[in-house]
Amino acid sequence: MAISVVIADDQEMVRTGFRMILESQPDTEVLADVVDGEAALAAVAEHQPDVLLLDIRMPRLDGLEVTRRLSGSDRPRIVIVTTFDLDEYVHAALHGGASGFLLKDASPAMLVEAVRAAAVGDSLVSPAITVRLLREMAPKTQAAQARRPSEPLTERERDVVRCLARGMTNAEIAGDLYVSLSTVKTHLANVQAKLDARNRVEIAAWAWESGLAATTT
C-alpha cells in the first residue's frame with residue numbers, strides 16, 4: 001500500500017516541489033496540496049492521509065495549531081517542514097504530537113525518509129536541530145535522573161545510540177560501524193524496548209541525559 005500524503009504550505013513553489021519529490025517514489029501518493037491550515041484540516045477530514053506535511057506560518061491557521069487540533073489521533077502523522085529554525089517552534093511541534101521536524105533546505109532524500117518514518121510511527125528531526133536541542137537540554141538533567149534501561153545495553157547497542165545522538169541517519173550509522181542497515185534497525189528496536197522509548201528522538205535524548213552521547217568508544 002502506498003503512503004498517502006497531504007501537503008499544506010502557502011507557497012505554490014514549495015508545494016509543487018514537495019509533490020514532485022514524493023510522487024517520484026513508488027511507495028508514496030500525494031492526495032492533495034493546500035494553501036493554509038483551515039484547508040489542511042478539511043483535506044485531512046476528506047482524504048484521511050497517512051502523513052500531513054505542514055508548514056508553520058500559514059494564513060488563517062498556523063501549522064502549530066493544526067498539529068494541536070490533530071493531536072491524539074493515529075492518523076495523520078504530522079511532519080513539520082519550515083524555513084524557521086527556532087527552538088520554540090521545534091518544542092511546540094514535537095510536544096504537540098508532530099512526528100518530524102525538517103527545514104526546507106533539507107535534501108529530497110531526507111524529506112522522503114521523514115515521510116516514511118512518520119508513516120510507520122517513527123520520527124525524524126533534522127539532525128542539526130536534534131543535536132543542538134539535546135546538547136542544550138542535557139546539562140539541565142542529571143545523569144542519575146535519566147531513565148534506567150530494563151537491562152544493560154550491549155556494547156554494539158551503545159555504539160549505535162552514540163551515532164544516533166550525534167545526528168546520524170540509519171544509513172550513516174551502518175556505514176560508520178560497518179554493519180548492515182537491518183542490523184542498525186534491530187539494535188535500535190532493542191534499545192527502544194529496553195528504554196521503553198516511543199521513538200528515536202527519545203533514545204537520543206536519553207543518550208545525552210545519561211552522558212552516553214558525550215563518551216567516546
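In which sense do S4 and S5 pair, and over how many bridges? In this predicted model, S4 and S5 are paired in the parallel sense, and the pairing extends over 4 bridges. Within this pairing, Thr82 is the residue that stands opposite Leu103 in S5. The protein to which these strands belong has 10 helices and 6 strands, and of its 217 residues 47% are buried. Among the contacts with a separation of 6 or more, 64% are accounted for by residues that lie 24 or more positions apart.

Strand S3, which comprises residues 51-54, is joined to strand S1 (residues 3-8) by 4 bridges, and the two run parallel; here Val6 is placed opposite Leu52 of S3. S3 is likewise joined to strand S4 (residues 77-82) by 4 bridges, again with the strands running parallel, and Val51 has Arg77 as its bridge partner in S4. Between S3 and S4 the chain passes through helix H3 (residues 63-70), and the resulting β-α-β crossover is right-handed. In a regular strand, side chains alternate between the two faces of the sheet. In S3, Val51 and Leu53 point one way whereas Leu52 and Leu54 point the other way, and all of these residues are buried.

The loop that leads from S3 to H3 contains Asp55. With a relative accessible area of 4%, Asp55 falls under the 20% limit and is therefore buried. When neighbours within four places in sequence are left aside, the residues in contact with Asp55 are Ala8, Asp9, Asp10, Gly63, Val81, Thr82 and Lys104. Of these contacts of Asp55, Thr82 is also the residue that stands opposite Leu103 in S5.

Strand S5 (residues 100-103) is covered on both faces, with Gly100 and Leu102 on one side and Phe101 and Leu103 on the other, all of them buried. S5 is joined in turn to strand S6 (residues 124-125) by 2 bridges, the strands running parallel, and in S6 the bridge partner of Phe101 is Val125. The chain travels from S5 to S6 by way of H5, and this β-α-β crossover is left-handed, whereas the crossover from S3 through H3 to S4 is right-handed.

Helix H5 (residues 108-119) also packs with helix H1 (residues 12-23), at an angle of about 70° and with the helix axes 10 Å apart. The two helices, H1 and H5, are therefore roughly perpendicular to each other. Phe18, Ile21 and Leu22 on the H1 side, together with Pro108, Leu111, Val112 and Val115 on the H5 side, make this contact. Sorted by class, the contact of H1 with H5 consists of 7 nonpolar residues, with no polar and no charged residues.

A second helix pair is formed by H8 (residues 170-177) and H9 (residues 181-195), which pack at an angle of about 110° with their axes 8 Å apart. H8 and H9 are therefore also roughly perpendicular to each other. At this contact, Asn170, Ala171, Ile173 and Ala174 of H8 meet Leu181, Val184, Lys185 and Leu188 of H9. By class, the contact of H8 with H9 has 6 nonpolar residues, along with 1 polar and 1 charged residue.

Methods: Residues numbered from 1 in each chain as written. Predicted model: local features only at pLDDT ≥ 70, side-chain atom pairs only at ≥ 80, totals over all residues. Heavy atoms only, no water. Axes fitted to C-alpha atoms, helices over the stretch in contact; angles between N-to-C directions. Parallel < 35°, antiparallel > 145°, perpendicular 65-115°, else oblique. Contact = heavy atoms within 4.5 Å. Nonpolar A, V, L, I, M, F, W, Y, C, P; charged D, E, K, R; others polar. Buried < 20%, exposed > 50% of the residue type's maximum accessible area, 1.4 Å probe, protein only. Pairing = 2+ DSSP bridges. Right-handed = clockwise from strand over helix to strand, strands pointing away.
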